[in-house]
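Could you look over the notes below with the model open beside you? They concern a pocket, a nonpolar core and one loop residue.

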Amino acid sequence: EAILLWLPHVTCSDISIAFSAKNCRLGNRVNILSYDVAVRVKIDLVAARFAVVVVDESHFLKNFKTARARAVLPVVKSARRALLLSGTPALSRPVELH
């Protein structure tokens with residue numbers, strides 16, 4: 001509902017919510033998926049070349065060695081714009097802000 005409120009040009013048929021890798025279709029204007037699904041469809045995610053990527057709970061990407069980070073960071077880096085959201089305070093180590 002929030003997407004439709006903030007992006008009035010987007011319709012319900014433009015939104016895809018992937019509850020599993022099996023039903024994940026990345027061709028829509030808005031694609032919503034969990035970190036677990038992202039890990040399973042990581043090749044398709046990188047190939048999709050998104051214009052904008054919004055990552056909630058981005059503090060999960062702090063450790064570059066995790067499967068989550070290896071799946072999501074290439075997508076974030078290839079997007080024209082990225083918005084990383086986290087309610088967890090960042091420590092004063094610069095590497096955590098990169």
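The numbered points that follow take up the basis of the values, the pocket, the core and the loop residue in turn.

1. This is a predicted model, in which local features need pLDDT of at least 70 and side-chain atom pairs count only at pLDDT 80 or more, whereas totals for chains, interfaces and linings use all residues. Residues are numbered from 1 along each chain as its sequence is written, and side-chain values use heavy atoms, with hydrogens and water left out.

2. The largest pocket (an open set of points on a 1 Å grid over the protein atoms alone, where a 1.4 Å probe fits, with protein on both sides within 12 Å along at least five of seven lines) holds about 960 Å³ of space, a volume being the space filled by probe spheres set on the points. Its lining comprises 28 residues, and N31, I32, V52, V53 and V54 lie nearest the centre.

3. The largest nonpolar core (buried Ala, Val, Leu, Ile, Met, Phe, Trp, Tyr and Cys residues joined through side-chain atoms within 4.5 Å) has 18 residues, and C24, L45, F50, V53, V55, L61 and V72 touch the most other members. Two or more residues come from each of α2, β3 and α4, with α4 giving the most, five residues; helices (H or I, at least four residues) and strands (E, at least two) are DSSP runs. Leaving out residues up to four places away in sequence, V72 touches Y35, A38, V55 and L61, where contact means heavy atoms within 4.5 Å.

4. S58 sits in the loop between β3 (52-55) and α4 (67-78). S58 counts as buried because its relative accessibility is 14%, the limit being under 20% relative accessible area with a 1.4 Å probe and protein chains only. Beyond four places in sequence, S58 touches Y35, L84, L85 and S86.

Note on methods:
Buried < 20%, exposed > 50% of the residue type's maximum accessible area, 1.4 Å probe, protein only. 1 Å grid on protein atoms, 1.4 Å probe; cavity = no way out; pocket = protein on both sides within 12 Å on 5 of 7 lines; lining within 4 Å.
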